[in-house]
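Open the model in your viewer and keep the selection panel at hand. The tour goes stop by stop.

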Amino acid sequence: MSAVSPHPSGASHPRPQTDPIPAVGEAVAADDPLRARIAAAVRRVREQTPLAQSFTNFVTMNLVANAQLAAGGTAAMSFIPDDVLATAAMAGANYVNVGTLMPFHREALADIAAGFARQGRPWVLDPVAAGIGRTRTAILTAMREVPPTIVRGNASEILALDAMWGLSGGEAPAANGPAGVESMDEVDAAEAAARRIARHLSAHLPQKVAGRVFDDGTGPSPARGAVAVSGPIDLVTDGETTYRLPGGSAMMTKITGAGCSLGGVTATYLAVADPLVAALAASLLYDRAAETAEAASHGPGSFQVAFLDALWDTTADQVAASPILRAG
Amino acid sequence: MSAVSPHPSGASHPRPQTDPIPAVGEAVAADDPLRARIAAAVRRVREQTPLAQSFTNFVTMNLVANAQLAAGGTAAMSFIPDDVLATAAMAGANYVNVGTLMPFHREALADIAAGFARQGRPWVLDPVAAGIGRTRTAILTAMREVPPTIVRGNASEILALDAMWGLSGGEAPAANGPAGVESMDEVDAAEAAARRIARHLSAHLPQKVAGRVFDDGTGPSPARGAVAVSGPIDLVTDGETTYRLPGGSAMMTKITGAGCSLGGVTATYLAVADPLVAALAASLLYDRAAETAEAASHGPGSFQVAFLDALWDTTADQVAASPILRAG
Amino acid sequence: MSAVSPHPSGASHPRPQTDPIPAVGEAVAADDPLRARIAAAVRRVREQTPLAQSFTNFVTMNLVANAQLAAGGTAAMSFIPDDVLATAAMAGANYVNVGTLMPFHREALADIAAGFARQGRPWVLDPVAAGIGRTRTAILTAMREVPPTIVRGNASEILALDAMWGLSGGEAPAANGPAGVESMDEVDAAEAAARRIARHLSAHLPQKVAGRVFDDGTGPSPARGAVAVSGPIDLVTDGETTYRLPGGSAMMTKITGAGCSLGGVTATYLAVADPLVAALAASLLYDRAAETAEAASHGPGSFQVAFLDALWDTTADQVAASPILRAG
């Protein structure tokens with residue numbers, strides 16, 4: 001539910017442009033084990049069709065489900081705690097999005113976050129519109145004690161969540177207007193907040209999630225949470241290392257649910273990979289598919305269709321060969 | 001919300017494959033009156049644009065409505081009992097799907113099922129995710145006494161409903177893990193359960209539904225309920241005779257709402273045909289449209305677009321000429 | 001959620017036809033200042049990407065958001081009063097649609113309408129299915145005292161709202177069966193009702209809305225509400241002057257959410273224009289985009305895709321050059 005660039009009126013096939021942004025970090029080498037782990041995650045989803053359950057935004061949940069299916073997974077959406085917790089027992093991971101709250105959400109989301117913590121379920125939180133509305137603030141603030149495995153949001157949402165959770169300590173949080181449905185803040189401005197949140201998630205990782213082992217041929221997975229910040233250059237961090245992912249398409253800001261469905265697909269990968277690899281694989285698949293779709297489409301209607309086709313068609317090797325910058 | 005076949009990673013236009021399954025029954029002859037009744041139902045929907053009302057799953061309801069419109073009908077979605085019962089008075093049939101329950105659904109669905117029974121309204125039940133969650137089990141169990149006219153589901157949902165309704169008597173129900181959003185059981189394994197449910201529906205058919213007469217030139221309609229089981233080979237039964245419908249496309253498992261929208265279109269046909277013909281016409285239209293869409297598309301995005309176009313374009317004669325196997 | 005024309009069965013690319021309808025009024029001249037104001041509104045949306053918030057129908061809200069984005073705006077959907085009023089403080093305009101009521105809607109919508117009135121927010125009301133169900137009637141009736149800035153509906157909904165609000169005085173309201181999701185009444189039959197509603201809106205316009213000034217180079221905006229009636233020939237009135245907008249495509253009745261998303265895009269324009277210009281610009285953009293989409297598509301699936309592309313591609317000059325008839 002966001003739009004970034006002005007629409008150049010009068011052009012016959014106007015497309016929003018992304019300004020070139022200086023990238024930070026060293027390029028990850030072609031033979032870095034990280035790339036093999038990303039490729040393995042993409043393949044495992046297509047081979048195992050893992051179930052990722054969502055409690056998500058009513059506006060975009062159809063796209064969330066279709067994107068999960070197009071990436072190779074299986075989707076289920078639930079909204080009452082007994083449904084959610086019963087389905088979580090069968091699901092590889094879960095996705096929670098607070099975009100369209102209704103009166104029953106406050107109690108339901110508290111029960112669900114507590115249930116996930118108690119049962120040790122891996123889950124992705126999408127703090128859509130963090131900072132808007134008392135109900136949403138109460139819900140998100142309470143999740144500090146029973147946090148997710150991955151947080152995925154835009155820069156202003158990450159800044160708002162960092163502030164709500166009081167993670168900056170003595171350090172002043174970055175200047176932050178009312179966080180909203182648009183990416184109003186630069187992704188880089190949210191880096192410190194993203195690292196703090198990732199460290200908080202790592203410190204609260206349930207034993208059952210920390211203990212999962214994925215046979216990548218690259219050694220055991222690190223027991224850490226991860227944060228993904230979507231923007232002109234996506235940023236993914238596990239609190240120790242930050243990755244920047246250039247590319248993608250600004251047309252993603254002209255369809256509703258691009259971010260939400262990325263959160264859903266991140267949960268699909270979380271079902272078969274550790275949090276950092278899941279967040280990287282999902283963001284990279286999205287960037288490559290968006291580029292393919294932009295080239296094949298004539299506006300936001302055909303872009304969305306081509307994007308779902310490209311989620312289906314992009315190969316594991318194409319995802320793993322993406323440009324990735326790593327910073328300490 | 002389902003996915004069946006693994007995604008062959010690395011292929012450039014991978015498509016899920018359906019294993020050949022041995023078909024059971026005798027081919028229905030080209031001049032069998034059943035074919036004329038199916039063709040008449042498809043034509044009547046396009047001529048009369050009947051209203052079918054839905055109380056349905058929030059994930060897929062947009063596709064349900066668009067599929068009903070593409071098949072030629074009119075759609076309306078309602079969620080509070082006074083709305084549903086007021087609209088039912090104008091609608092030819094109704095569709096209820098329990099896929100995305102919210103706290104108010106339990107009481108609302110009890111009121112609605114009782115209201116449909118009292119008013120003698122024809123309706124289709126889609127027991128999505130039957131067997132998962134206490135709330136859903138309570139809702140579906142209570143419908144035993146005020147059952148629908150048609151049940152449409154996948155095999156595991158039909159098995160779960162049969163068990164909940166205690167219809168197997170001394171006979172042990174087929175082995176059944178937790179029924180889910182995926183078709184985990186073979187369609188054939190659900191045949192006996194489907195027949196039992198159909199006979200239960202027939203025994204409870206409101207007088208007003210049983211007494212409807214459709215001028216097919218083929219004599220009066222039988223006063224029976226019907227059950228449709230979706231899968232690699234769809235199965236439709238009125239409790240006496242079972243029909244198997246080969247064909248379709250496994251790409252239907254790669255878009256969300258294929259089954260739900262089939263339930264909605266079944267209700268559209270139920271507005272102008274008896275239950276058995278409605279269930280057959282809807283499933284056959286879906287199989288033919290899916291085949292057309294698979295040939296015209298490059299992935300799940302373009303498949304869904306082509307599928308809606310094909311629902312619109314497939315002729316009544318094409319639907320009625322479909323392969324149909326009949327067994328005793 | 002409507003369908004008008006029967007589907008000619010058997011045709012390979014059947015399209016619903018619009019009967020030619022006698023138009024009423026004088027053609028607006030090519031150099032009429034109204035056209036410059038319409039073009040300015042279309043351009044401003046693409047330059048400013050204004051936020052329009054929606055509290056809308058769950059069936060069609062994905063299309064509402066995507067249409068607002070494709071027209072150049074920004075979308076946010078909210079459902080609890082504290083969310084809605086917090087977001088309204090950042091939004092240029094708001095959209096309320098009563099199509100899919102749930103139990104919490106009655107109290108929420110009363111709070112929201114009162115909040116909009118108190119805060120002086122411009123908003124568009126879409127009285128979907130006006131006249132059906134006690135809850136909806138109670139909600140719409142109560143809005144008489146805290147009315148919106150624009151009402152957009154089909155003819156039967158406008159007639160039903162006029163009757164509920166008791167605006168006809170001694171004059172008998174036009175004959176009106178149960179208003180529904182279909183356009184059962186002719187647009188012209190609703191003209192008197194539309195004018196009465198527009199005058200009622202004008203009389204209740206909050207000072208803050210009446211006092212907005214848009215720099216069109218055409219003088220200050222009139223402090224009036226507006227009513228848009230969708231149909232084979234759309235009708236827009238500010239209570240003093242009535243405009244008729246010929247053209248469009250009957251395929252718009254074969255996708256769900258055509259009317260709802262027009263309401264949403266009307267709110268997008270209301271964020272940057274006075275009510276009359278907003279209603280005209282949105283309806284004209286829709287008619288031109290629908291014509292482009294009909295020519296480019298093969299059925300309702302490809303029509304919706306092409307329609308979103310055309311919302312994006314149609315230029316401000318094309319919208320402003322549309323045929324418009326004005327009557328006193």
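Which residues of α6(C) meet which residues of α7(C)? Select C:Ile158, C:Leu159, C:Leu161 and C:Asp162 in α6(C); they meet C:Ala193, C:Ala194, C:Arg196 and C:Ile197 in α7(C). Contact means heavy atoms within 4.5 Å. The residues of this contact divide into six nonpolar, no polar and two charged. The classes are fixed: Ala, Val, Leu, Ile, Met, Phe, Trp, Tyr, Cys and Pro count as nonpolar, Asp, Glu, Lys and Arg as charged, and the others, Gly among them, as polar.

Before moving on, some ground rules. This is a predicted model, in which local features need pLDDT of at least 70 and side-chain atom pairs count only at pLDDT 80 or more, while totals for chains, interfaces and linings use all residues. Residues are numbered from 1 along each chain as its sequence is written, chains are lettered from A and ligands numbered from 1 in the order in which they are written, and side-chain values use heavy atoms, with hydrogens and water left out.

**Stop 1: the helix pair in chain C**

Show α6 (residues 155-164) and α7 (residues 191-203) of chain C as ribbons. Helices (H or I, at least four residues) and strands (E, at least two) are DSSP runs, numbered from the N terminus. The two axes come within 9 Å and cross at roughly 55°. Axes are lines fitted to C-alpha atoms, for helices over the stretch in contact, and angles run from 0 to 180 degrees between N-to-C directions. α6(C) and α7(C) are therefore oblique to each other. Angles under 35 degrees count as roughly parallel, over 145 as roughly antiparallel, 65 to 115 as roughly perpendicular and the rest as oblique. The crossing is left-handed: the near helix is turned anticlockwise from the far one by less than a right angle, whereas clockwise would make a crossing right-handed.

**Stop 2: α2 in chain C**

Stay in chain C and select residues 61-71, helix α2. Of its 11 residues, 10 are buried, that is, under 20% relative accessible area (exposed is over 50%, partly exposed in between; 1.4 Å probe, protein chains only). Among the buried ones are C:Met61, C:Asn66 and C:Gln68. Step just past the helix to C:Gly72, where phi is positive at about 115°.

**Stop 3: α2 and α11 in chain A**

Switch to chain A and pick α2 (residues 61-71) with α11 (residues 300-313). Their axes are 7 Å apart, at an angle of about 35°. The crossing of α2(A) and α11(A) is right-handed. Contact residues include A:Leu63 and A:Asn66 of α2(A), and A:Gln304 and A:Trp312 of α11(A). By class, the contact has eight nonpolar, two polar and no charged residues.

**Stop 4: annotated sites in chain A**

Where does UniProt place the feature "binding site"? An unreviewed entry puts it at A:Met77 and A:Gly257; such annotations may be inferred rather than shown by experiment. A:Met77 sits in strand β3 (residues 74-77) and counts as buried at 2% relative accessibility. A:Gly257 is in the loop between β9 (242-245) and α9 (258-270); at 0%, A:Gly257 is buried too.

**Stop 5: an alanine with positive phi**

Select A:Ala129, in the loop between β5 (123-126) and α5 (134-142). Its phi is positive, about 65°, although A:Ala129 is not a glycine.

**Stop 6: chain B**

Finish at B:His200 in helix α7 (residues 191-203). B:His200 is buried at 8% relative accessibility. Beyond its neighbours within four places in sequence, B:His200 contacts B:Arg144, B:Pro147, B:Trp165 and B:Leu167.
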